[in-house]
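Dear colleague,

I am handing over the structure below, and after it you will find my notes on what turned up when I went through it. Please read them with the coordinates open beside you.

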2 protein chains.
Amino acid sequence: MEGGDHLAHERKKAQFDVEAMKIVWAGSRHAFEVSDRISKLVASDPAFRKDNRPMLSRKELFKNTLRKAAYAWKRIIELRLSEEEASKLRFYVDEPAFTDLHWGMFLPAIKGQGTEEQQQKWLPLAYKMQIIGCYAQTELGHGSNSSKWWPGGLGKISTHAVVYARLITDGQDHGVHGFIVQLRSLDDHSPLPGITVGDIGMKFGNGAYNTMDNGVLRFDHVRIPRDQMLMKVSQVSREGKYSQSNVPRQLVYGTMVFVRQTIVADASCALSRAVCIATRYSAVRRQFGSQNGGPETQVIDYKTQQSRLFPLLASAYAFRFVGEWLKWLYTDVTQRLQANDFSTLPEAHACTAGLKSLTTAATADGIEECRKLCGGHGYLCSSGLPELFAVYVPACTYEGDNTVLLLQVARFLVKTLSQLGSGKQPVGTTAYMGQVEHLMQCHCNVQKAEDWLKPAVILEAFEARSARMSVACAKNLSKFTNPEEGFAELSGDLVEAAIAHCQLIIVSKFIEKLQQDIPGKGVKQQLGVLCNIYALFLLHKHQGDFLSTGCITPKQAYLANEQLRALYSQARPNAIALVDAFNYTDHYLGSILGCYDGNVYPKLYEAAWKDPLNDSVVPDGYREYIWPMLKQQLRTARL
Amino acid sequence: MEGGDHLAHERKKAQFDVEAMKIVWAGSRHAFEVSDRISKLVASDPAFRKDNRPMLSRKELFKNTLRKAAYAWKRIIELRLSEEEASKLRFYVDEPAFTDLHWGMFLPAIKGQGTEEQQQKWLPLAYKMQIIGCYAQTELGHGSNSSKWWPGGLGKISTHAVVYARLITDGQDHGVHGFIVQLRSLDDHSPLPGITVGDIGMKFGNGAYNTMDNGVLRFDHVRIPRDQMLMKVSQVSREGKYSQSNVPRQLVYGTMVFVRQTIVADASCALSRAVCIATRYSAVRRQFGSQNGGPETQVIDYKTQQSRLFPLLASAYAFRFVGEWLKWLYTDVTQRLQANDFSTLPEAHACTAGLKSLTTAATADGIEECRKLCGGHGYLCSSGLPELFAVYVPACTYEGDNTVLLLQVARFLVKTLSQLGSGKQPVGTTAYMGQVEHLMQCHCNVQKAEDWLKPAVILEAFEARSARMSVACAKNLSKFTNPEEGFAELSGDLVEAAIAHCQLIIVSKFIEKLQQDIPGKGVKQQLGVLCNIYALFLLHKHQGDFLSTGCITPKQAYLANEQLRALYSQARPNAIALVDAFNYTDHYLGSILGCYDGNVYPKLYEAAWKDPLNDSVVPDGYREYIWPMLKQQLRTARL
């Protein structure tokens, strides 16, 4: 029993072609092949080992990250990796580092906001990493006008930053603009005169974001050359004259759509990792229910486990597909912007804001739920789940606090409704609002549990619920003489309406995905099961919404729940194969509980002995503190 | 603005006597005075400093815990503290340590399961800490019969353990029994022959439970004297004969009631700490909404913030009072047991199991919600919230997995219903089931929002919802020929019914508390507001239950939500005073965001510079890894 594949019997149960599902998950054969090759490259290189991360002190941890970043860059050069491959390599190294900000924020900011000249000057330096940059926007106290606080890569490494600051010329405040500022000497790395810079201290979790030098920055009479203001959109002349070019300011929304789309894609990665760990370990772990002295029941066979785990498995797939669609949306918006067509921008903006909020919140909660689903052992760092949670949760706060974003969505929904009267047709994900009259009075005609498997039935229920909640908000808002006051007072209801709308988007994009041609034996069927689990799980969780708006009856809610249970049974034999389809290496997963071969307990036992506390049998501190206690000698002990 | 009390204006708004509320929170004047004195004693002693915990390596952290434990014990002896005071001192030191298991599990196990003789031999040694003990029950793989795994204090410190193992005499297996086993030499602390013992490795979070040596233990032909089997309940004679005394086995349930009651009390402590931090920082933090260049809006004034924060504030109070009641219940059960009255035991057992589950789950989620409510800064260890979360979450898993416990409650509810026919009257928290016929057909007569403030209306709605959900489960179960199969299939519904029942208990105990005489200006009024917030928040969150069972109408659900918003406005001016009433020192809170004086930003800025990464301006690793990167010298660098 020691060697071999302990989950082989589970893999045999699968009713679909796992290899074909891997392609679907990756998005294309090409994407699969790149991911597969690069993830194995990283996994097989001991220089990228990460299992010791939780045990390292902050300094050791950080130094080790610098080594990995340099080594990764060296390998990228040596292997002549393409941009796509290099980015995948950084992804599979799976350790937040200053390079994330250099490539993900500093470079794009210069590309997006710099003039041609500025780009020609700075981009080559940045591409070769002759300078290292970060993105300094967030401040310590919002509006306290004090220090930059949080920017990753700022604390100890970046030589340069794009700094956001007020532009004042001739005593006039032109608002916040971006500037390229050199922070440190390129000779000896010491901060330049007038610049105070440092790390802001430890953050949540073991390893996790403590590999990143999130920083604090203060300026004291720092001067920079005029041409280091990023001047694509606004300019200051040599004479101090301020002017604006005719580049559309809406471009900045295009960038937001891009960034949030990557966050949704990241959510599906993080959630699928957690789900992969919890699913595999639920098949390994046995508890209670032994009959006639036989083995105990696999935890994954309990309905309570299934009803918590399988909706998360379905969510991982749902977020994957909505992320894929958002990639398309970004391309579409970009093409329109280039053609000066701003018509779909507000809808795209609201949609990405809402999906960012929904997917990150569900993923953060889902990772912690997966940790709990692993029982006590999920609390060990060697389970991988504590670090995954700690490294993931900032996604709920950065790039727009999740609640603030939902209020933006709600504002857009109310506006969309108010414009219906004037004949303005809602577009994209709000198109269903055009049928608001129908949706306000339609009746769900589910009569037996299986009726809930029909995509049209599900869609109409979700559309009706969302429309009715938005309409109720709009009606209640109209009772206030001061609209902003009403908006503040009813913000709780507005958030709920926005959630209903965004859930509809995810459900409908999953259904659209299933309408595509998906090759591979049984693949589409399994995705259909997951899609229905996702939708009916949401329907059950939010049945208060569906019932209070009269979209469905209590009896229909009951039938949905009955159908959901049947779907869990259908998913059960495929569960292990469905997480195998993520194609994660044991290195990337970083979890003993989730290891591919399921040989969990011997590995846990071995790993324990690597803890620094086990360096000696008698622990450091025994002689000073424990011995005097046992020998009643505390009075004279130096403590 | 730098010094002074930045929250003074908030404290002035309070409409009740904070000092009187402190007594209510503490439970009695005596309890308040002990807590107040001991917490200040700990806070003022630099030896108990804990702000550096997240930065220490595992070994440093653990050694420091040993020092604190020895020092605390020294102070307890020097100051001749009573048992109550000593236990408070350990509580306010606020660092998990081997002493928790020594006092909380090892000693009680000997007291509860040892004979008079055994107690006389072992207790004096343990009371003086001449031996240090732990409680070795949990194993690595459930049923894998391999290693003890998890026991706190086992890994590096305990000299003895109560070990649970199968008793086999004359080839007959008598099941699991407890044995006192010496693990380590009292001379040099080395493990005794045949014993393999060590730490199981890093756990979730910075500091947190990494101060504890959760351990692994294996025996290889270890013999112990016969008289180290704990023999109060069963005995083995010198001749190897197994027998049982007439001590009732139900006593073990009494112990479970005790342990779970302390867990509920701990939940209110942990949640109130998080709420105190989030509430104070929500009053300090300002964001958006500046009018005419004035200051921005305090975050606590946003309804979205209130609707997430105030229910948690109300929950902290609710859990406090239900915990207080559980203390009474334990006393009551103990007295009955001593009089051989086992009639209330099943109900008390179900009730504590359910409340343990509900309060720990809500507290774990609540702490993380409070962290998110602090925005980005909640992610810093100096906010105190990451460590509080990481140190708290095991409560959801230990002493009974929360889902397993809820299934036990559900089983009890179904049984209670089934016995109604035979005329058996339900007792205690299930007494309402006696009115099941009324509850199945009653109608809520709320017509305007304020009707929801009536305790009788709230109680009936919660009773009806719980009764109807249990009855529905019972009906559906009866459709299965094999009851256990039905129980497994419907476990999701059963869990929901159990939650409904437990929420009713908490709501009803809060209402009962308000029927007592509570002195102090405005104190009872404020508690009334919190009680209503707690109940109506639950009603809104679970409105699907209330609507699907027909307990309330959609209109009434809407009115409840309206009333809830009004209650938030009433709670707002009292929020800071309501968390001041917890009487937590800044030391105990361990949070810059939650500091009493609200002077958050300068303190955050100062704290940042204490991070080890800021020991040097140029970080360790720059020369080896960053310089070669910037200078394009990676090819020859040693990485």
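Between chain A and chain B of this predicted model, 45 residue pairs are in polar contact, counting pairs in which both residues have pLDDT 80 or more. On the side of chain A that touches chain B, the element that gives the most is helix H4 (residues 58-78) of chain A, which contributes 12 residues. Sorted by character, the residues of that side of chain A comprise 62 nonpolar, 33 polar and 31 charged.

The salt bridges between chain A and chain B number 14. For one that you can inspect directly, look at A:Asp493 and B:Arg565, whose side chains meet in a salt bridge at 3.5 Å, N to O.

As for the overall extent of the interface, 126 residues of chain A are in contact with 125 residues of chain B, and the area buried between the two chains is about 11,200 Å², with carbon and sulfur atoms giving 64% of it. Three residues, A:Phe204, A:Tyr379 and A:Leu613, supply 7% of the area that chain A buries against chain B, which is more than any other three residues supply.

The relation between the copies may interest you as well. Chain A is superposed on chain B by a rotation of 180 degrees with 0.0 Å of shift along its axis, at an RMSD of 0.0 Å, and this is the relation of a two-fold axis. The residue of chain A that comes closest to the rotation axis is A:Gly544, whose C-alpha lies at 1.7 Å. Both copies use the same surface, in that 99% of the contact residues of chain A recur in chain B.

Turning to the structure as a whole, a search over all chains finds 78 salt bridges. One pair within chain A joins the side chains of A:Arg11 and A:Asp580 at 2.6 Å, N to O; because A:Arg11 lies in helix H1 (residues 8-12) and A:Asp580 in helix H20 (residues 575-580), the pair ties together parts of chain A that are 569 residues apart in sequence.

The corresponding search for aromatic pairs finds 54 over all chains. In chain B, the rings of B:Phe310 and B:Tyr568 have centres 6.2 Å apart and planes at 65 degrees, so this pair is edge-to-face. Here too distant parts of the chain are linked, with B:Phe310 in helix H9 (residues 303-338) and B:Tyr568 in helix H19 (residues 554-571) of chain B, 258 residues apart.

With best regards

Notes: Residues numbered from 1 in each chain as written. Chains lettered and ligands numbered in written order. Predicted model: local features only at pLDDT ≥ 70, side-chain atom pairs only at ≥ 80, totals over all residues. Heavy atoms only, no water. Contact = heavy atoms within 4.5 Å. Buried area = accessible area lost by both parts, 1.4 Å probe. Salt bridge = Lys/Arg side-chain N within 4 Å of Asp/Glu carboxyl O. Polar contact = N/O pair within 3.5 Å; in protein donor to acceptor, adjacent residues only side chain to side chain. Helix = DSSP H or I, 4+ residues; strand = E, 2+ residues; numbered from the N terminus. Nonpolar A, V, L, I, M, F, W, Y, C, P; charged D, E, K, R; others polar. Least-squares fit on C-alpha atoms with pLDDT ≥ 70 in both. Phe/Tyr/Trp six-rings, centres within 6.5 Å; stacked < 30°, edge-to-face > 60°.
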